[in-house]
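Me: I am new to this structure. Could you walk me through it, one short question at a time?

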Amino acid sequence: MNIRTVPFDHPDAVKLNDEVQAEYQRRYGDGGDATVLHPDDFRPPHGLFLIAYDEHDRPVATGGWRTQDENGEGNRDGDAELKRMFVVEQCRGLGLARRILGMLEEDARAAGRVRMVLETGDQQPEAVTLYGSSGYERCEKFGYYRTYDSSICMAKPL
């Protein structure tokens, strides 16, 4: 697999974002993630967006981080928020999410961020397992879905 840095509005990122939104719709029945994201959120040094490509140059996985500081939604100064972690179904179980996660953590640490935070949900047990096995622990809720019972927020010191 070849993992590349791409803009969040790159056509391959848009395609995979549409797929992850459809996945959220299937799991939660709510139309997908309504969190507002902007391409500038993922521009270095304030963020990063990655896509993994297979041996045929097909985009098969994504992940990104964006700078978050104290904002009234539960974030703290120094946070890096993980967003759009996704692996297409036929490539799950190959370790792609873990590789992308490690690269994102390394980049956020190099950018001076002190804590990686993420929000997932109770209908994504494989995500909760991945993050838990990668050193993330549940934390106070933050972000758009902080008032939802199904929301699970996790954090890891960088």
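**Helix, core and pocket**

Reply: Gladly. Just after α1, G29 takes a positive phi of about 65°. Keep in mind that this is a predicted model.

Me: How far apart are the end C-alpha atoms of α1?

Reply: α1 has 18 residues. At 1.5 Å a residue, α1 should span 26 Å, and the model agrees with that, because its end C-alpha atoms are 25 Å apart.

Me: Which elements do the buried residues of α1 pack against?

Reply: Start with the buried residues. In α1 they include D12, A13, L16, N17, V20 and Y24. An α-helix has 3.6 residues a turn, so residues three or four places apart point the same way. The partners of the buried residues of α1 are β2, β3 and β4.

Me: Is G31 buried or exposed?

Reply: G31 sits in the loop between α1 and β2. In sequence, G31 and Q21 are ten residues apart; in space, C-alpha to C-alpha, they are 7.4 Å apart. Exposed means over 50% relative accessible area. G31 has 58%, so it counts as exposed.

Me: Which element gives the largest share of the largest nonpolar core?

Reply: In soluble globular proteins, nonpolar side chains tend to be buried together. Here the largest nonpolar core has 38 residues, and L82, I100, L104, M116 and Y131 touch the most other members. Elements giving two or more residues to this core include α1, β2, β3 and β4. The largest share, six residues, comes from β2.

Me: Which residues does I100 touch, not counting those up to four places away in sequence?

Reply: I100 is among the core members that touch the most others. Leave out residues up to four places away in sequence, and I100 touches I3, L50, A52, A61, T62, G63 and M85.

Me: What is the volume of the largest pocket?

Reply: Rolling a probe the size of a water molecule over the atoms shows where empty space is left. The largest pocket is lined by 35 residues, and the closest to its centre are Y24, M85, T120, Q124 and A127. Its volume is about 820 Å³.

Me: Which element gives the largest share of the lining of the largest pocket?

Reply: Elements that give two or more residues to this lining are α1, β4, α2, β5 and α3. The largest share, six residues, comes from β4.

Me: How many residues in the lining of the largest pocket are nonpolar?

Reply: Sort the lining by class. Eight residues are polar and ten are charged. The nonpolar residues number 17.

Terms used:
Residues are numbered from 1 along each chain as its sequence is written. This is a predicted model: local features need pLDDT of at least 70, side-chain atom pairs count only at pLDDT 80 or more; totals for chains, interfaces and linings use all residues. Side-chain values use heavy atoms; hydrogens and water are left out. A nonpolar core is a set of buried Ala, Val, Leu, Ile, Met, Phe, Trp, Tyr and Cys residues joined through side-chain atoms within 4.5 Å. Buried means under 20% relative accessible area, exposed over 50%, partly exposed in between (1.4 Å probe, protein chains only). Helices (H or I, at least four residues) and strands (E, at least two) are DSSP runs, numbered from the N terminus. Contact means heavy atoms within 4.5 Å. On a 1 Å grid over the protein atoms alone, a cavity is a set of points where a 1.4 Å probe fits but cannot get out, and a pocket is an open set with protein on both sides within 12 Å along at least five of seven lines; lining residues have an atom within 4 Å of a point. Grid points are joined across faces, edges and corners, and a volume is the space filled by probe spheres set on the points. Ala, Val, Leu, Ile, Met, Phe, Trp, Tyr, Cys and Pro count as nonpolar, Asp, Glu, Lys and Arg as charged, and the others, Gly among them, as polar. The expected span of a helix is 1.5 Å times one less than its number of residues.
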